[in-house]
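Biologist: Could you take a close look at one part of this chain for me, the part where the helices pack together? I'd like the packing spelled out residue by residue, with some context from the rest of the chain.

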Amino acid sequence: MSLTRTKQNLVTALCQRLSLDPKRFYDEVDKCDVKELCMTILKASEKGESLLQNEEVIKWISFAEKFPEDSETCSRVLDGLNEELAHKSVILGNGFKLSEVDLIVFSALHSTVIGLSRPHAEKLPHIFRWMDYVQCKGDLDEIFERIPVDKAEFDPAVWVSLLKALAKVHINSSAKDAVEVLKSDTIAKDIATATKSVDGLLAEKSSKKVTDVKKVKGDKDAVLEKKNIPEKDTAAKDDEVPVHILNIQVGLIRKAWKHPSADSLLVEEIDVGETKARQVVSGLANYCIPDELMNRHVVLITNVKPGRLRDVVSEGLVLCASNEDHSVVEPLLPPEGARVGERVQISGHEGKPEDVLNPKKKQLEKITPHLYTDDKGVATYKGIAFMTSAGPCTSKLPKASIK
């Protein structure tokens, strides 16, 4: 993303945060550097004077201004910021409210962080946790492309283990005794179990049994009979989302053009056999040329909730295969002869799709980890092929993730 575009996004986001009209400052984008731009906007706000008297505010505005462009220096700066964020939840403030400083630094880093390869991103967990906080707290989806962040699932069971450990420590009156208890194998095991799950690394869950007390009527007195029954793994059931809720269809791109305000996005007009073609925004600008996409068949999800991506309405999600470092991305290809608008079938997972997916339920996020191409490039769900009336959907990329 160009520096000009970065500064325009910064102006829009900061003015939204301060309830100012961004049009007042767009003319300054080409005249000012990032620091001058931030200070001009802050001065125009009600609390600008107090903010600009804070040394920490000036320090982080300077950080945003000097954020490097060359990859080696940039990597070192990101490592340093990741280390700093390991000890605090946000850059400035208590985190209950989004600070202007956090928003400014987010704006400066966004275009760099969203382009990081997965292996590099995994080395910066604290930056991604912080950026996810800012993009959620700041309501920035119409300004910045959302940065995908993997989140660990909360498992209440492990906290029971941790509370048991803490309870055993609590009953020991002396600090010395408490330390000895913490060192014991039993307590260490309880704490380790809880910690692993919190980090999303717990691979197995121990089976549990609960005692069901059943009352049996007798001639004189009631007798209590204990019956052991396995506890249902409700958490696992909640995580399972059937793939048939997705309405995956064959489409034909009629037109494609660059997004007017996002360098990484393209806009496509896609025919799915309806009266009117659908407009879809895709993050393909760095991988595909608009002219090459015209009259190309694609596979897309058509029951995602319509929304705006940087002020442009999107009514679907084009499914693409991606290699491990995300350096190659290409739309899935239906076979020749597949009908425009026909629904892609997955054997053994038939069912009626939902009218519109509910973003709050994270349905799509729970399904996409199971979408990938096999060693022959066939698109699959858990190894079962995406099938049309003319055959399977494919990609040139074998063993690739699909999103």
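Modeller: Sure, and let's begin with the whole chain: taking contacts between residues at least 6 apart in sequence, 62% of them join residues at least 24 apart. Bear in mind that this is a predicted model. The chain has 403 residues, and buried ones make up 40% of them. In secondary structure you get 14 helices and 17 strands. The exposed surface comes to about 23,700 Å², with carbon and sulfur atoms supplying 51% of it.

Now for the part you asked about. The largest nonpolar core has 51 residues, and the members that touch the most other members are Leu78, Ile91, Leu109, Val113 and Trp130. Helix 1 (3–18), helix 2 (34–43), helix 3 (48–52), helix 4 (55–65), helix 5, helix 6 (100–113) and helix 8 each give two or more residues to this core. Helix 6 gives the most, with eight residues. As a rule of thumb, nonpolar side chains in soluble globular proteins tend to be buried together.

Let's zoom in on Leu109. Leaving out residues up to four places away in sequence, Leu109 touches Phe63, Phe67, Leu78, Leu81, Trp130 and Met131. Two of those names, Leu78 and Trp130, are also on the list of core members that touch the most others. Keep Phe63, Leu78, Leu81 and Trp130 in mind, since these partners of Leu109 come back in the helix pairs below.

Take helix 4 and helix 6 to start with. They pack at an angle of about 10°, and their axes are 9 Å apart. With angles under 35 degrees counted as roughly parallel, helix 4 and helix 6 are therefore roughly parallel to each other. On the helix 4 side you'll find Val57, Trp60, Ile61, Phe63 and Ala64, which meet Val101, Ile104, Val105, Ala108 and Leu109 of helix 6. Sorted by class, this contact is 10 nonpolar residues, with no polar and no charged ones. So Leu109 shows up here on the helix 6 side, and Phe63 on the helix 4 side.

The other pair is helix 5 (residues 71–85) with helix 8 (residues 125–137), whose axes are 7 Å apart and cross at an angle of about 75°. That falls in the 65 to 115 range, and helix 5 and helix 8 are therefore roughly perpendicular to each other. Helix 5 contributes Leu78, Leu81, Asn82 and Leu85 to the contact, while helix 8 contributes Pro125, His126, Ile127, Arg129 and Trp130. By class, that makes six nonpolar, two polar and one charged. Leu78, Leu81 and Trp130 all belong to this contact, and each of them touches Leu109 as well. In other words, Leu109, itself part of the contact between helix 4 and helix 6, reaches residues of helix 5 and helix 8 too.

Between helix 5 and helix 6 there is a loop, and Leu92 sits in it. Not counting residues up to four places away in sequence, Leu92 touches Glu56, Val57, Ser99, Val101 and Asp102. Val57 and Val101 are also in the contact between helix 4 and helix 6. Leu92 and Val57 lie 35 residues apart along the chain, yet their C-alpha atoms are separated by 8.1 Å.

Away from this part, there is a second, separate core of 26 residues, including Ile248, Ile301, Ala379 and Ile402.

A few loop residues are worth a click as well. Ser19, in the loop between helix 1 and helix 2, has a positive phi of about 60° although it isn't a glycine. Ser19 is exposed, at 68% relative accessible area. Arg310, another residue other than glycine with a positive phi, has a value near 55°. Arg310 belongs to the loop between strand 7 (307–309) and strand 8 (312–314), and with a relative accessible area of 6% it is buried.

Ser327 is in the loop between strand 10 (320–322) and strand 11 (329–331), and at 44% relative accessibility it counts as partly exposed. Its C-alpha atom is 9.7 Å from that of Leu116, which is 211 residues away along the chain. Lastly, Lys396, in the loop between strand 16 (391–392) and strand 17 (401–402), is exposed at 74% relative accessible area. Lys396 and Leu333 are 63 residues apart in sequence, with 8.9 Å from C-alpha to C-alpha.

Key. Residues numbered from 1 in each chain as written. Predicted model: local features only at pLDDT ≥ 70, side-chain atom pairs only at ≥ 80, totals over all residues. Heavy atoms only, no water. Axes fitted to C-alpha atoms, helices over the stretch in contact; angles between N-to-C directions. Helix = DSSP H or I, 4+ residues; strand = E, 2+ residues; numbered from the N terminus. Parallel < 35°, antiparallel > 145°, perpendicular 65-115°, else oblique. Contact = heavy atoms within 4.5 Å. Nonpolar A, V, L, I, M, F, W, Y, C, P; charged D, E, K, R; others polar. Core = buried A, V, L, I, M, F, W, Y, C linked by side-chain atoms within 4.5 Å. Buried < 20%, exposed > 50% of the residue type's maximum accessible area, 1.4 Å probe, protein only. Areas by Shrake-Rupley, 256 points an atom, 1.4 Å probe, with all protein chains shown as cover.
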